[in-house]
There are 2 protein chains.
Amino acid sequence: MIDGKLLELWRAGESARLSRLKAFLSIPSVSADSAYAEGMAAGADFVAGQIEASGGSAKRVETPAGRDAVIGRWEVCSAARRAAAEARGSGSAGGPQAERGLLFYGHYDVQPPDPLELWQTPPFEPTVRDGAIYARGASDDKGQVLCFLEAMRLWREAYGGPPAPVTAIIEGEEEIGSPGLPAVLDSQRDELRGDFVLISDTAMWDRKTPAITYGLRGLLYYDLRLHQASRDVHSGMYGGVFANPAVILARVLGGLFDADHRVAIPGFYDDVSSPSEAEREAWSKLNFDPERDLLDPIGVAEPYGESGYTTLERKWVRPSLDVNGLFGGYAGEGAKTVIPASAGAKLSFRLAPNQSATRIAEAFEAWLERQPVHGCRWRITRHGAAEPAMTPMDSPWVQAAGGALRAAQRALRIEGREPVLVREGATIPVVAEFEKTLGLTSVLMGFGLSDDAVHAPNEKFELACFDLGCLSHAAMAGELVG
Amino acid sequence: MIDGKLLELWRAGESARLSRLKAFLSIPSVSADSAYAEGMAAGADFVAGQIEASGGSAKRVETPAGRDAVIGRWEVCSAARRAAAEARGSGSAGGPQAERGLLFYGHYDVQPPDPLELWQTPPFEPTVRDGAIYARGASDDKGQVLCFLEAMRLWREAYGGPPAPVTAIIEGEEEIGSPGLPAVLDSQRDELRGDFVLISDTAMWDRKTPAITYGLRGLLYYDLRLHQASRDVHSGMYGGVFANPAVILARVLGGLFDADHRVAIPGFYDDVSSPSEAEREAWSKLNFDPERDLLDPIGVAEPYGESGYTTLERKWVRPSLDVNGLFGGYAGEGAKTVIPASAGAKLSFRLAPNQSATRIAEAFEAWLERQPVHGCRWRITRHGAAEPAMTPMDSPWVQAAGGALRAAQRALRIEGREPVLVREGATIPVVAEFEKTLGLTSVLMGFGLSDDAVHAPNEKFELACFDLGCLSHAAMAGELVG
C-alpha cells in the first residue's frame with residue numbers, strides 16, 4: 001500500500017533523494033581491485049549511515065574475504081502497522097502475514113569502471129542526462145539498494161518506522177562472487193531474520209512492465225594463464241621452434257566449442273533441467289523479439305548460439321561459456337615481433353538450473369589437463385563459483401511483490417502493465433546461498449532496464465525506475481501486514 | 001687489417017667509446033609508438049653527430065613515413081690507403097678491390113620497452129653488469145651501429161679517414177618494417193654508392209664463433225580486430241545469445257594450424273625452397289644442439305613445430321606463424337563478467353626464401369574471409385611486409401668479411417673459431433629492398449648473441465662483442481684495398 005501521507009512525503013523529498021543517490025554513486029567501491037580499498041570502506045560507511053538515518057540500527061561485519069557487509073534492522077512501528085491494516089481494510093492492500101518480516105539483500109560494490117575512455121562522463125561523477133543518472137553502479141546495484149533505503153526513510157518520516165519487521169544485509173563482494181558472504185550468513189544467522197529474502201538486482205521486463213524473477217543462472221569464473229619462455233623472445237629468432245603460448249591458448253579456447261557452438265567438455269549438459277510446458281507457454285506470451293528486445297540495442301546484428309534453442313532459452317535456461325578477456329604479448333600501437341612469455345584469458349561459465357558448479361569445474365579442469373600444450377605450463381585461478389537457483393513460482397511472497405508493484409504503479413499513475421514472472425541469465429550468487437544457509441527462498445523484484453549498460457561503460461539508472469523502485473519497496477512493507 | 005697504429009688508438013679510446021655507447025642507448029628512439037617522437041629526433045641527431053665527428057659528412061632525409069634516415073659519406077684517405085696496401089703487402093690483409101666502396105646499413109630505432117616492470121634496470125638507463133651493457137637497443141641495433149661508427153672514428157684518428165670509400169645509411173623505421181626506406185633508397189640512389197651492402201644486425205654463432213649470414217626470412221605482420229557489440233555487455237544477460245568476438249577470434253586463430261602444427265592456409269607452403277645438400281652438410285658440422293643452444297637459455301623445455309623438420313630447419317628455412325599479442329575485454333585483477341565489444345591479436349608470418357609476401361598476404365586474407373564469424377566484423381591492418389632474402393654464398397664481399405673477422409680476432413688475441421656461414425630466422429626488410437632498388441647484395445656481419453634478449457626486457461650487448469664489432473668494421477675497410 002502507498003497511502004496519501006507516504007505519497008505526500010515522497011513528492012516533497014525528490015530533490016534530497018536525488019542528492020543521496022548522487023552521493024552513493026560518487027563512491028568508487030570497486031571490489032575486484034584492491035586499489036579501491038578506500039572506496040569500499042566509504043561505500044560501507046554510506047550504507048550504515050542511511051540505515052541509521054532511516055531509523056534502523058546498523059552493524060558492520062567484516063567477511064573472511066576482508067570487506068564489510070552491513071546489517072540493518074528496523075523494528076515494527078505500530079502507527080505504520082495501523083495505517084497498513086487500514087489500507088488493507090479499504091481494499092487497497094493486503095498480503096500474507098509476515099511473522100519474521102522481510103530480509104532485504106543488496107550490494108554496494110560495483111564492477112571495475114574500465115575502459116575509462118569510453119565513458120561520456122566519469123564513472124564516479126554521477127550525471128543526469130535525459131531522465132537517467134549515469135555512473136558505475138547506477139543500476140547494478142547501488143541505485144536499487146537506495147530504492148529500498150529510501151522506502152525505509154519514507155516510513156520513518158511518515159510513521160516513525162515500517163509496518164512489518166525489516167532486516168537488510170548489504171554486502172560489498174557481489175561483483176567478485178561473494179566469497180565471504182556464506183561465512184557471514186552462517187555467523188549472523190540469528191540476526192538475519194525474515195520469512196523470505198527480497199532482492200533488487202535484476203531488470204524490469206521493459207519500461208512499462210515490472211518483472212519478478214524466479215530463476216537465475218550460476219557462474220564459474222576462471223583466470224587461465226599459459227606460460228612458456230622465461231621472457232618475451234624475438235619471433236624471428238624463435239618463430240616455429242617451440243610452442244607459442246598465445247597460439248596454444250587460442251587453440252585450446254577454440255576447441256571448447258563444437259561446430260554447433262555447444263560446449264565440447266564431455267558431460268557438460270548432462271544435468272541441465274528443461275523448462276516446463278507451463279513456463280514455455282507463459283514465455284510465448286511475453287512477445288519477446290530477440291533482435292528488437294535484446295540485440296539491436298547493443299548493436300548486434302545476428303543472434304548466434306547453441307543450436308536447437310531459441311534466444312530466450314539460450315539466455316534463461318541453457319548454460320553458456322564466454323571468454324571475458326584476452327591478454328599477453330604486445331597490444332600497443334603498430335608492430336612488435338615477440339613471442340610472448342605467457343598468454344591468458346578470463347573465462348566464465350553461466351550454469352543452468354540443476355547444473356552443479358563443483359561438477360562443471362571438475363569436468364572443465366580435467367578437460368583442460370588433457371589438452372596438449374607442448375611444454376607450456378598452466379596457471380589456473382578460479383574466481384568464485386555460484387550455483388544456479390530456482391524459486392517456487394507459487395510462493396506467497398512472490399504474490400506480495402506483485403501487489404507491491406501494482407500499488408506503486410497506481411501511486412505514480414503509471415499506465416504500466418501487469419508484472420510478469422521471468423527467469424534471468426545473470427547470476428546472483430547469494431540466492432543459492434540463502435537457500436542453503438538460512439533455508440529462505442528469494443523474491444527478485446528488480447528495477448533495472450536491459451539497456452542500462454551494467455558492467456559496461458556509461459551504466460545508467462532511469463529516474464522513473466528509481467521512483468518505481470522506491471515506492472514499490474515502500475508498498476512491499478505494507479503488503480506484509482496480514 | 002688492423003695495424004699497430006689503429007690498435008694503439010683503439011686501446012687508448014676505451015673509456016670514451018663506452019661513454020658514447022651509453023649516450024646512444026640513453027635515447028628512447030622507439031619507432032612503433034608516436035609518444036616517442038622526441039626520442040626518434042634525438043636518435044637521428046646522435047647518429048649525424050657521430051658521422052661528422054668521425055670525419056664524414058652527414059645528411060638527414062625524412063622518409064614518407066615521417067622519420068629521418070641519416071646518410072653518411074667518408075671519402076678515401078690516401079694515407080690510410082697506403083697503410084692498408086702496406087699491410088696487404090706484408091700478408092696481413094688483402095681482399096677484393098672495391099670500386100665504389102662499402103655501403104653500411106643499420107638502424108637507430110628500437111623496439112618498445114614494455115613490459116617495463118620486468119627490466120632489472122630501466123631500458124633507457126644503460127647499465128654495465130658482468131661485462132655486458134643492458135638497455136633497449138643495446139644489441140638491436142644501436143650497439144652494432146656504433147661498432148661501425150667507432151671504426152670510422154678510429155681510421156679518422158689514425159690516418160684522417162678510411163682506406164676505401166664508405167657510405168652509410170642509418171634509418172629509424174626498421175622495427176616497424178621500414179615503410180619509408182624504399183622511397184629514400186630510390187630518391188637517394190646517386191648518394192648511396194657501394195659495391196655491396198654491409199649490415200650489422202645479426203648474431204654471432206656463439207661467443208667464440210663469428211657468423212656471416214646469407215639467408216633471412218621475410219615478415220608479414222597483421223593487427224586483427226574482431227568487433228561485435230557496440231559496447232562491452234554483461235555476460236550473464238547476453239551469454240550464449242550472440243557470437244562473443246573473443247571466442248570467435250580464438251576459434252579462428254586456433255584454426256590456422258593443423259594437427260601437425262602446419263599452417264592450414266591452402267597453398268601456404270607451395271613456394272618454399274628447400275635447402276641444398278651442401279647447406280645441409282655445412283649445417284650438420286655446426287654442432288647445433290636445439291636444447292642447449294636455443295631453448296634452455298630462454299627456459300623452454302620442449303621443442304615443438306612443423307613436423308618433419310629439425311629445429312634448425314624450422315628456424316632458418318621453414319616459414320612460421322606466430323600470435324605476437326592478444327587483447328580485448330578484461331585483463332585486470334579478479335573477475336569482470338563482460339562479453340567484450342571487440343577482441344584482437346597481433347599476428348605475424350616469417351616467410352621462407354622464395355615465398356612471396358604479397359601472395360601469402362592474399363592467401364591469408366582470403367582464408368580469413370572464409371572463416372565464419374557469425375555477425376562479427378573484422379578490422380584488419382597490415383603493418384609492413386618484407387620479402388625473404390638470400391645472398392650468394394660465393395660473393396667476394398662475403399670473403400672480405402671473413403678476412404675482417406679473422407683480423408679483428410687476431411688483433412684482440414681472441415682464441416676464436418673460424419667464422420661460419422649461416423642463415424637466420426629473423427627478418428631485415430631492407431636486404432630484399434637493396435637488391436630490388438640498388439641491385440646490391442648484402443653481407444651480414446653481426447655481433448649479437450642469441451641470449452641478448454632482443455625485443456624483450458633486459459636486452460644486452462656484451463662488451464667483448466662490442467670490441468670485436470668495432471675492430472672488425474675497422475678491418476673491413478682495410479680488406480677493400482686491392
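**Close-up 1. Strand β6(A) is covered on both faces.** In this predicted model, V166(A), A168(A) and I170(A) lie on one side of β6(A), while T167(A), I169(A) and E171(A) lie on the other, and all of them are buried. This split is easy to follow, because side chains in a regular strand alternate between the two faces of the sheet. Six of the six residues of β6 (residues 166–171) of chain A are buried, so the strand is largely enclosed by the rest of the structure.

**Close-up 2. β6(A) pairs with strands β2 and β3 of chain A.** With β2 (residues 68–74), the pairing is antiparallel and runs over five bridges; here, look for I71(A) opposite I169(A). With β3 (residues 102–107), the pairing is parallel and runs over six bridges. In that pairing, G106(A) has I170(A) as its bridge partner.

**Close-up 3. C147 of chain A and C147 of chain B are not in disulfides.** Why does C147(A) form no bond with C470(A)? Their sulfurs are 4.2 Å apart, which is too far, since a disulfide needs the two sulfur atoms within 2.5 Å. C147(B) is likewise in no disulfide, with the sulfur of C470(B), its nearest, 4.2 Å away. C147(A) is buried at a relative accessible area of 0%, and C147(B) is also buried, at 0%. Over all chains, the disulfide count is zero.

**Close-up 4. F349(B) sits in the largest nonpolar core.** This core has 74 residues, and those with the most contacts inside it include L253(B), F349(B) and F364(B), along with L253(A), F349(A) and F364(A). Beyond its sequence neighbours within four places, F349(B) touches residues including Y222(B), I265(B), F268(B), L321(B), I360(B) and F364(B).

Methods:
Residues are numbered from 1 along each chain as its sequence is written. Chains are lettered from A and ligands numbered from 1 in the order in which they are written. This is a predicted model: local features need pLDDT of at least 70, side-chain atom pairs count only at pLDDT 80 or more; totals for chains, interfaces and linings use all residues. Side-chain values use heavy atoms; hydrogens and water are left out. A nonpolar core is a set of buried Ala, Val, Leu, Ile, Met, Phe, Trp, Tyr and Cys residues joined through side-chain atoms within 4.5 Å. Buried means under 20% relative accessible area, exposed over 50%, partly exposed in between (1.4 Å probe, protein chains only). Contact means heavy atoms within 4.5 Å. Helices (H or I, at least four residues) and strands (E, at least two) are DSSP runs, numbered from the N terminus. Two strands pair if DSSP finds at least two bridges between them.
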